[in-house]
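I want to get my bearings in this structure. I will go through strands, then domains, then chain contacts, and write down what I look up.

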Amino acid sequence: MILLTDGLAWSAIYLIIGLGLVLIFSVTRVIFVPFGSIAVFSALSLGAMESGHLPAMINLLGLFVAVAVLMELWSIGRQRAWGRLPGSLLRWLVVPLLPCLLAVWATGQDSEALRVVAAILLAVPLGPLIERVALRPVAHASVLSLLIVSLVLDLILAGLGLLWFGPEGIRTKASLNGSIAVSSNLVINYQTLLTIAVALVLAVLFYVGLQRTRMGKVLHATASNPVGARLVGIRPAFTATIAHGISALLAGIVGVLVSPVATIYYDSGLILTLKAFVAAIIGGLVSYPLTAVGALLVGVAESYASFWNSGLKDAIVFGLLIPILVIRSGLVVHHEEESEE
Amino acid sequence: MKQRIWKYAMPLLMLLLIVAVPQILGSFHVALLNDIGIAALVVIGLILVSGIGGALSFGQAAFVGIAAYTTAWLSTTQGLSPWAGLVLGLVLTCGSAWLIGGITMRLGGHYLALSTIAWGLAVPLVFANTHALGSHTGIDGIPPISLGPWALDASRTVFVLIWLVVLGGAWFAYNLLGSRVGRTIRALRGGKILMASFGSDAFRLRLTLFVLASAYATLAGWLYAHANRFVSHTPFSLHASIDYVFMMVVGGMSQLGSALLGSALYIGLNNFLQDVLPLVTDRGAQVNSLVFALLFLLILLRMPGGIGRPLSRLWTRLRPRAKAPVLPAPSRQLEQRSMPERGRSILNVQNATKRFGGLVAVNGVSFELKAGEIVGLIGPNGAGKSTMFNLLTGTLPLSDGTVSFMDEPTSGLTQRQIALRGVARTFQHVKLRPAMTVLENVALGAHARGHCGLWRGGLRMDREEEARIMAEAMRQLKRVGLADQAYELAGSLALGTQRLVEIARSLASDPVLIMLDEPAAGLRLLEKQALASLLDTLRSEGVTVLIVEHDMEFVMSLVDRLVVMNFGSKISEGRPDEVRADPQVQAAYLGSDA
Amino acid sequence: MFQHINRKTAARFVARSLVASLLGAGAIAHAADIKVGVILPLSGPVAAQGLSTVEGIKAGVQYQDSVNGHQLKIIQLDDASNPSLTTRNARKLISQDNVDVLIGTSSVPGAMALATVSREEKTPLVSFTPIELKDDAAAWAVTTTQSGDTMVSAVVDAMKRNGVKTVGYIGFADAWGDVAYAALQRHAKEAGIEVVANERYARSDNSVAAQVLKVIAAKPDAVLGGGAGTPGALPYIGLHERGYKGAIYGTHAILSPEFVKLVGEAGEGLIVPTGPALVGSQLPADNPSKAIIDEYTKAYKAAHGEEPYDVFSAYAFDAWLVVAEAAKRVPADIQPGTPEFRTALRDAIKQTTKLAGTEGVFSYAPDTAYGVDKSSVVIVKLENGHWVLQP
């Protein structure tokens, strides 16, 4: 039973990551590998703020802001659309720096809740910034090329992480201490319950948000038919930014949920993403409910596998990806693949 | 003359270098070159399967690891000779590649890449956690390779072996790409329907390439283990696989020479940065991988052809390149099949029906084709002609009814099997390989008439058959009147010319029946006339042709008989003048009030 | 977009190299420097230890940077925790830079690889990692750390003193975990203690819930953790979460301030064997290492502005000490940079007797790489985030 609850907690984490991955893929056709690294940065920032240091995430954001602003200036300059300048600066310079100010303030304060919020919010600008800087220039490439770019991006983020956060692992204070005893040999931590609760709430919000709100419909439209969406006036760049922003928010939440229960290193992100990815593939990268099922499977499978042989548990989880891919692709009618030349 | 000098001088020069270099350079640089050579081996295989074959693999380092650990384990704990390690390594590595590939090569695009990532992650994890393989510590004290009395235990001596293997591997790959199998490898990116149309199985070819790439990886792993005398799991991680992809991309994905270029660049740059970065920052080591990732990203975004492409253009300008490969004059022609006598029924369609869910695209159509005639299958847009075409070629399965070719029902046969029985086809959107010459494109058509496989192709033992295939291709080009453009790149031709090339390709397969899919689409008047006269000539030579077309004028003067479809059913059949006068046909094309 | 970054970096690079070359031009080449090749992991999984050892070496240089008129010059390379790079770097340092001695590296496979190269190229190696070398293989290499066997033996003694009768083990699923477990089995048997559980976990694991459950089920009096570095904290955190009330022990491999921070209150009362450097200020005055530890603390403070707080830098400082002290004993007529010097240096190192280092008293011998025995080991207990010397 303990294994089951442990597995469920991780399922919850993979579910949240899966939601973010599916969102980005469905809107932009990018398999967003750096998701885990963003989550890890938010966790590392929380750790830094807890020990009274300014989180190095500020440097990271600063770097991306600088590059993004320059790219915007370049493109505005080329089109001589100077009218766009104030809006662009607002979006790419002022807004991303707001969470940084919050973080600076939070580092000095003693409130853990404030720090958690700051850590989550710090992650949010990173998503759209990455999209603007590295993905938008190649937005028309094939899914495969985007995958490669995405992988390399994650390498870059991990490298920057090593540079600015250092190689040591951290673990933050649990948001909720203590546990409840459900039965004589089953003790569940509040942290575990919190994680599962957050995941469920987010899943419901997602479902409702995408079906009911206008923004949700806009995102859905862009995902189903990008050209059609453009024809009715929805700008793909805008939806991409929104999708990445929401996804980065999810990443921030994942980061602060995961850091009290696991030691986080600068390169822990990739493995997190890839395991959640197995769940997303079960959902075919399009269906949120199926992704939830997938996350459940992956989390529980991992927990039991780790009991059996902890060293090989990752190998088992990844090994499972191959038959899942085969089953998945067998279920979808395959159209003739694009001739690439 | 220049060709001959080039042919003999180059290998001699290389052999000289291989022997001389280790004597000149210091042991560190020799070790560096060894690393470059081993990496180049892996990248050659990667280029074959991913760069040219189109199946991107992020798992090559895992195969290198399997081979390295196999030979390490065998030669340390079992005390066997390194050569036994090589043999068993090949068996194990190629065997696992065959298994994995069998499962995953059917996946398309990014699913395939993802499965290789899964594989590339899982295998080194298994290494790191297997006690018998030393877990995180690895296996130490691996014996060196011995050639008889000489033990290759210093970098200088193993250098010779490594680079001989690299040169041999590159030679094999180069020959392979220029051979019969090589042409199909280069055609892989055209898609599996194209491949099936001349009798090649895309899945099996991809699987073969995957196993071949793993064989290269085996050689690399074997050499790595016995040159370094130590293995651990770190050099076979996913990161290493990504590095190999980097080397391939940097060098230029579809050029063989880029294997060497990419690995030299990567390892050399790494070394250079290691010396230079500490001068700039004292976090030099940590910036190293960052710099590489940045570089990779830059190249992906800005230089998709890699550095190799501009270099190879320079190379072709420098090197005297013969117009055609030098082939011996063939002793005889390719075997030809015996054609059915004129008037015999060769294609019999009985009540063919195709349903897509509730939509009936083809509804009980029946007609017959006799040898030596040209039949047109016409109808307005949406009549179901394309669906009918696909039913005949085997691209789509029948829902009901039968199609028989030469008295054999085609219902259980794949496209490829139908093509091998003598049905050739062209495509509505021309499917030529733009980077191959016209002659090579036509030679693809003769694929099924040749027999030399991977080994004969790679070892250059296929020259006689190649000569025959090329002669046949030239013959067909002459037939369609394009012999003077044989060595032009197919992508540079006008659309009408391309269609003629496709017809030549179909003819090269020595078909009983040629099926043309909207051949007149997009052609100018003069081109249409040329096409019509070619088809006329073919008919007089005994070729049976089925044309699916909706350009009435083109077919009217050309065909012997017409079959007219509308809304999935056959509405008329007969000679062109009969069909033209048929009121139902008129209503279909012009509307019922005409 | 990235073009701009590259230009900026390039400009900075040009500026700094100009400055470097100007300064370099002004330096006078000393009479035959003794070149010390240092190979460390500064990125990758073991980077944390690598970075600590860099601090230790810098303190060493601060303490002593020349011997017999020869300047001790460092050439440092990063091996990114990858043993193939370790080998390549070693060959580079030997054939390109002509180093007289190698110091390195922090990971065991890397250090073993270095030992192989040092043997082939006949260049002495001073490491600070537990490398198991015997007889001929140990002819050219020494290490400043204690062997895993020695340390486990010391901690088993402590267990016996504290009345432990049964012990459980949670260690790494790799060579280090194996070494610690084998030593535990051997010495526990001698001490009459029964080993009741043997669980393993991977370095990269995030939690060890399953293993902890199995160990608790066996109800041992004490649990020995066989991990290293920050991942070594996991068993203690897991045990604490499940409410384990028995005694907790560990090996010297977990000693680092990050470990202390990570383990938090789960590590309260943890008993660990270590060399004297960690608790230098608490040592009695007659401890042979006390004087050198003071020197080390002074040098470290001068080089970094703060006091040393981990053991990896102490081991590295000792390595430097061994090299410097042995170099003193090389006959003056043999010049650095020659094969004779390297052989003579190796001989001097191997003849080191009772050299007081921060982590113990070193005496080397030709047939093994270790130079410290149980007599220099002290036992410390973690109380309130500080290590307290136990009598």
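I start with a term I need for the hairpin: two strands count as paired if DSSP finds at least two bridges between them. I also note that this is a predicted model.

**Entry 1: a hairpin in chain B**

I looked up strand β5 (residues 345-356) of chain B and its link to strand β6 (residues 359-370) of chain B. Eight bridges join the two. They run antiparallel. I checked one position in the pair: B:S345 stands opposite B:K370 in β6(B). Then I went to the turn. The hairpin of β5(B) and β6(B) has two residues between the strands. There, B:G357 takes a positive phi near 65°.

**Entry 2: a sheet in chain C**

In what order do the strands of the open sheet in chain C lie? I read the order as β2-β3-β1-β4-β5-β6. That makes six strands, and the pairing is mixed. Why is one side of β2 (66-67) and of β6 (141-143) of chain C left without a neighbour in the sheet? Both stand at the edges, each with a single partner strand, so one side of each has no neighbour there.

I then picked one pair inside the order. Strand β1 (residues 34-40) of chain C runs parallel to strand β4 (residues 101-104) of chain C. Four bridges join them. Within this pair, C:I39 stands opposite C:G104 in β4(C). I keep a general point beside this: strands of a sheet pair through backbone hydrogen bonds, either parallel or antiparallel.

**Entry 3: the domains of chain C**

I looked up the domain assignment of chain C. It gives domain 1 as 34-146 + 289-373 and domain 2 as 148-274. The contact takes ten residues from domain 1 of chain C and nine residues from domain 2 of chain C. Taken over C-alpha atoms, the centres of these two domains are 29 Å apart.

How much area do domain 1 and domain 2 of chain C bury between them? I find about 820 Å², with 64% of it on carbon and sulfur atoms. I looked for salt bridges between the two domains, and the count is zero. I looked for residue pairs in polar contact, both at pLDDT 80 or more, and the rule finds zero. The side of domain 1 of chain C that touches domain 2 of chain C has five nonpolar, two polar and three charged residues.

**Entry 4: the domains of chain B**

Chain B is divided into domain 1 (18-236), domain 2 (342-422 + 511-594) and domain 3 (433-502). I followed domains 1 and 2. Their centres, over C-alpha atoms, are separated by 50 Å. Six residues from domain 1 of chain B and five residues from domain 2 of chain B make the contact.

The area buried between these two domains is about 440 Å², and carbon and sulfur atoms give 62% of it. Which residues of domain 1 of chain B lose the most area to domain 2 of chain B? They are B:I193, B:A196 and B:G199, together 73% of what that side buries. I find zero salt bridges across this interface. One residue pair is in polar contact there, both at pLDDT 80 or more. By class, the domain 1 side has two nonpolar, three polar and one charged residues.

**Entry 5: chain A against chain B**

I counted 43 residues from chain A and 44 residues from chain B in the contact. The buried area is about 3900 Å², of which carbon and sulfur atoms give 76%. Salt bridges between these chains: the rule finds zero. Residue pairs in polar contact, both at pLDDT 80 or more, are also zero in count.

Where on chain A does the side touching chain B come from? I find α7 (143-165), α12 (269-282) and α14 (313-331) of chain A, each supplying at least two residues. The largest share, 15 residues, comes from α7(A). This side of chain A has 29 nonpolar, seven polar and seven charged residues.

**Entry 6: chain A against chain C**

Here the contact takes 28 residues from chain A and 29 residues from chain C. The two chains bury about 2300 Å² between them, 60% of it on carbon and sulfur atoms. I find zero salt bridges between them. On the chain A side, α1 (2-28), α3 (57-79) and α13 (288-308) of chain A give two or more residues. That side divides into 18 nonpolar, six polar and four charged residues.

Note on methods: Residues numbered from 1 in each chain as written. Chains lettered and ligands numbered in written order. Predicted model: local features only at pLDDT ≥ 70, side-chain atom pairs only at ≥ 80, totals over all residues. Heavy atoms only, no water. Domains from an automatic or database assignment. Contact = heavy atoms within 4.5 Å. Buried area = accessible area lost by both parts, 1.4 Å probe. Salt bridge = Lys/Arg side-chain N within 4 Å of Asp/Glu carboxyl O. Polar contact = N/O pair within 3.5 Å; in protein donor to acceptor, adjacent residues only side chain to side chain. Nonpolar A, V, L, I, M, F, W, Y, C, P; charged D, E, K, R; others polar.
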